[in-house]
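Here are a few exercises to work through with the sequence and the 3D structure open side by side. Try each task yourself before reading its solution.

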Amino acid sequence: MSAANTQAAATADATATGATGATGATRRHFLKATGLAAGGLALEFTLPMSSAVAQAQAQTSTPGVAPTGAAPAGEVTAWLLIHPDESVIIRIARAEMGQGTLTGLAQLVAEELECNWANVRFELVKPGANRARARVWRDMGTGGSRGIRGSQDYVRKAGAAARAMLVSAAAQQWAVPVAECTVDSGTIRHAASKRQTTFGAVAAAANKLPIPEDVVLKDPSQWRIAGKPLKRLDTADKLNGSLVYGMDLRLPGMIVALPKACPVHGGTLVSFDKQAVLKMPGVRDVIKVDDATIAVLADRFWQAKRALDALPVVWDKGPNASVSSASIAAMISEGLQGDTPFVGNRQGDAKAQLQGASRVIEADYGTPFQNHAPMEPLSATVQWTAQRCDVWAPTQVAEAALATVADAAGLDITACEVHPMRIGGSFGRRLATDYLAMAVRIAKQRPGVPVKMMWTREEDMLQGRFHPVTQCRLRATLDGQGRIGALHMRIAGQSITSFVNPKAITANGDATVFQGLLADSPEGHFGYEVPHLLIDHAMRNPHVRPGYWRGVNTNQNAIYSECFIDELAHAAGKDPFEFRKLHMAKRPKHLAVLQAVADRAGWSKPAPKGVFRGIAQYMGFGSYTAAVAEVSVKDGQLKVLRIVAATDPGHVVNPQQVEAQVAGSFVYGLGAALFGGNTVKDGAIAETNFDTYGVLRLYDMPAVEVIVMPSGGFWGGVGEPTIAVAAPAVLNAVFAATGKRIRQLPLKDNDLSKA
């Protein structure tokens with residue numbers, strides 16, 4: 001790497017992942033300007049603490065740089081830096097993609113530290129540094145709504161341990177008992193002697209003290225920073241334009257690479273005629289990336305794009321070239337019948353009860369492929385040499401990304417680093433690392449040259465990791481009291497795990513298929529008591545590659561179960577809300593959120609003229625959620641007017657962020673239910689841009705009222721759970737308005753004129 005490129009890379013790295021203050025200056029620049037690199041407090045917390053870790057801690061004072069000796073594996077927490085000017089740098093290992101995890105984790109650390117929140121800054125951790133320190137920052141993955149709940153324990157301990165060390169340092173200087181000292185907003189006081197000092201003043205002394213092995217965490221009722229609707233730490237750089245997303249990165253001498261793969265998943269490359277485009281302005285080369293992919297290299301994006309569009313390419317689309325949505329649907333539909341070994345929830349003998357029943361209520365539902373469709377398509381910037389590979393990229397799984405980069409680079413993992421960039425939307429797509437391997441393979445063909453690989457919108461749409469396509473057949477009986485006597489829920493369709501991690505498939509199939517439908521899972525258990533219940537899965541995997549799409553399987557599972565529960569309420573002649581309550585005596589938390597939305601929406605009172613209501617509840621990602629939707633349907637045109645939503649995630653770190661996430665999840669969930677949906681034609685995804693793949697527009701967004709009602713005692717997720725109740729609440733309201741049950745999504749493909 002040249003000196004100029006080294007400096008540019010350092011600047012890009014600092015801009016992308018460095019701590020920022022109110023002025024937007026990077027932490028690297030701040031340290032150079034103020035001379036604070038030495039003499040601050042650098043704390044690495046491992047509980048319990050070992051001498052090896054303490055030694056490794058002492059060897060590192062530069063953020064994100066691994067020590068000369070690696071720390072041993074153990075139960076670890078985050079790093080924390082305190083400078084003499086009272087600035088507090090909190091290191092964040094999870095990805096930030098708009099959900100507010102960064103700020104929430106910082107609040108938890110700051111709460112236990114009892115620092116001045118105005119002094120808090122942040123810095124993102126690199127996976128190479130984490131690996132070199134024996135994963136001192138633990139899991140760096142961000143998915144499954146686990147960013148905060150998966151880290152909360154050890155990051156809080158980091159703050160508590162730091163506070164104890166700082167107080168001990170002050171007490172030693174004053175020769176007073178630690179128990180007589182108090183802390184408030186970064187100031188340590190000794191009331192009897194009327195002395196006080198600050199964190200910054202004792203940081204260097206505290207750094208020499210042993211880290212306490214046992215710390216007591218605050219009860220959430222004592223929180224003053226956590227639990228409050230504080231402003232996000234990363235808002236200013238978004239507003240002033242200083243934030244560098246992955247696609248924004250610029251390095252001296254950088255070229256752009258636009259890849260194109262066979263549009264049919266599983267197809268291969270036959271040939272391409274690069275001579276047809278090499279003389280176009282700015283075009284450097286056209287290269288083969290792998291057996292299914294080529295890439296155009298050019299000076300600028302649009303130069304590469306024009307050449308890519310003009311490039312003659314011959315594909316072998318393989319045996320899937322004739323596959324269509326209809327043929328996929330027929331294959332999946334076959335799975336709705338017969339037996340399957342994959343059972344998620346079994347109570348009693350539902351099959352026997354249904355076989356002998358005089359009346360069986362039955363319905364078939366279906367949900368299509370869905371594209372992640374983030375506003376920022378996939379990208380990665382790579383600089384590869386035979387000795388070193390650096391990648392700047394947005395990713396949800398930094399450690400897996402590093403492993404992928406090292407493998408593709410053909411280098412030892414210690415010679416590679418992934419510099420995490422802020423993410424312009426992801427929704428699960430960047431849990432996969434396919435695009436990083438592709439970017440490295442391209443850069444290897446231009447040693448020493450920074451190569452920014454960018455996917456066009458069309459390529460992003462065609463080569464996605466799609467929300468799985470499934471169907472569901474539901475059959476039930478009602479007893480003499482109008483309760484559910486037996487229920488069989490057969491899901492047929494695609495398994496994500498069978499594609500992304502086939503070794504995780506067990507004799508009982510893919511456990512994630514049954515999200516929210518299991519008997520006693522803390523992640524999401526079925527919300528109703530049914531004496532005879534059978535929920536099973538017939539795996540049918542088409543060739544279109546699936547992936548984890550925000551909300552994963554809770555989305556369709558909630559549609560299937562909550563819309564059918566509504567059908568059963570109608571068959572029983574009961575109010576949908578009251579019918580649900582009949583089956584929830586042993587599900588108090590499910591019932592609590594359901595009751596909350598019913599009360600807020602005025603369910604017991606008639607809706608305004610022309611307004612119709614639907615209700616739904618579901619548990620997913622460890623949280624309880626419910627919603628009431630109000631809609632109108634005029635001349636066959638649907639308008640979602642209002643949604644009242646409730647969520648109980650156990651604990652709430654930032655109420656404002658929770659409310660924003662709930663509203664944002666409805667944007668995603670409603671967009672998919674109303675307008676989304678991918679079709680397959682001639683083996684390929686037919687929708688290649690937003691002109692054919694619908695998303696929710698501002699005009700379509702309803703008013704959203706959020707009830708945040710943490711009951712304590714557990715840590716649930718926030719970013720995904722409420723997606724599940726958006727669609728079924730609206731679909732149930734559509735039935736109330738039209739008398740029609742919409743059982744196949746997206747809703748735009750259905751006739752909404754009254755029955």
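**Exercise 1. In this predicted model, work out the strand order of the open sheet of five strands, and find its edge strands.**

Step 1. Walk across the open sheet from one side to the other: the order is β13-β21-β20-β19-β14, and the pairing is mixed.

Step 2. Look for strands that pair on one side only. These are β13, at residues 342-347, and β14, at residues 361-367, and they form the edges.

Step 3. Add the geometry: from one strand to the next, the twist averages 10°.

**Exercise 2. Determine in which sense β19 and β20 pair, and which residue of β20 is the bridge partner of Thr 477.**

Step 1. Locate the two strands: β19 covers residues 470-478, and β20 covers residues 484-493.

Step 2. Recall the two options: strands of a sheet are held in pairs by backbone hydrogen bonds, in a parallel or an antiparallel arrangement.

Step 3. Assign the sense. β19 and β20 are antiparallel, with nine bridges between them.

Step 4. Pick out the individual bridge: Thr 477 has Ala 486 of β20 as its partner.

**Exercise 3. Find which strands helix α16 lies across, and give its angle to β14.**

Step 1. Select residues 554-572, which make up α16.

Step 2. Identify the strands beneath your selection: α16 lies across β14, β19 and β20.

Step 3. Compare directions: α16 runs at about 155° to β14.

**Exercise 4. Search the whole structure for cavities of 30 Å³ or more, and describe the lining of the largest and the second largest.**

Step 1. Start from the principle: a probe the size of a water molecule, rolled over the atoms, shows where empty space is left.

Step 2. Count the hits. The search gives four cavities of 30 Å³ or more.

Step 3. Take the largest cavity, with a volume of about 150 Å³. Its lining has 15 residues, and those nearest the centre are Gln 370, Asn 555, Ile 559, Ala 672 and Leu 745.

Step 4. Trace this lining back to the helices: α16, α19 (655-674) and α20 (723-738) each contribute at least two residues. Sorted by class, the lining of the largest cavity holds nine nonpolar and six polar residues, with no charged ones.

Step 5. Move on to the second largest cavity, of about 110 Å³. Among the 15 residues lining the second largest cavity, Arg 94, Ala 95, Leu 124, Thr 395 and Pro 420 are closest to its centre. By class, this lining has ten nonpolar, two polar and three charged residues.

**Exercise 5. Decide whether Ala 304 and Thr 187 are buried or exposed, and list what each touches beyond four places in sequence.**

Step 1. Place Ala 304: this residue belongs to helix α9, residues 301-310.

Step 2. Apply the cut-off, under 20% relative accessible area for buried. Ala 304 has 0% relative accessibility, so it counts as buried.

Step 3. List the neighbours: Ala 304 touches Leu 258, Val 296 and Ala 298. The C-alpha atoms of Ala 304 and Ala 257 are 7.1 Å apart, although 47 residues separate them along the chain.

Step 4. Repeat for Thr 187, in strand β6 (residues 187-190). Its relative accessibility is 15%, so Thr 187 is also buried. Thr 187 touches Thr 182, Gln 196, Thr 197 and Thr 198.

Step 5. Set both in context: 58% of the 755 residues in the protein chain are buried.

Note on methods. Residues are numbered from 1 along each chain as its sequence is written. This is a predicted model: local features need pLDDT of at least 70, side-chain atom pairs count only at pLDDT 80 or more; totals for chains, interfaces and linings use all residues. Side-chain values use heavy atoms; hydrogens and water are left out. Two strands pair if DSSP finds at least two bridges between them. Helices (H or I, at least four residues) and strands (E, at least two) are DSSP runs, numbered from the N terminus. Axes are lines fitted to C-alpha atoms, for helices over the stretch in contact, and angles run from 0 to 180 degrees between N-to-C directions. Contact means heavy atoms within 4.5 Å. On a 1 Å grid over the protein atoms alone, a cavity is a set of points where a 1.4 Å probe fits but cannot get out, and a pocket is an open set with protein on both sides within 12 Å along at least five of seven lines; lining residues have an atom within 4 Å of a point. Grid points are joined across faces, edges and corners, and a volume is the space filled by probe spheres set on the points. Ala, Val, Leu, Ile, Met, Phe, Trp, Tyr, Cys and Pro count as nonpolar, Asp, Glu, Lys and Arg as charged, and the others, Gly among them, as polar. Buried means under 20% relative accessible area, exposed over 50%, partly exposed in between (1.4 Å probe, protein chains only).
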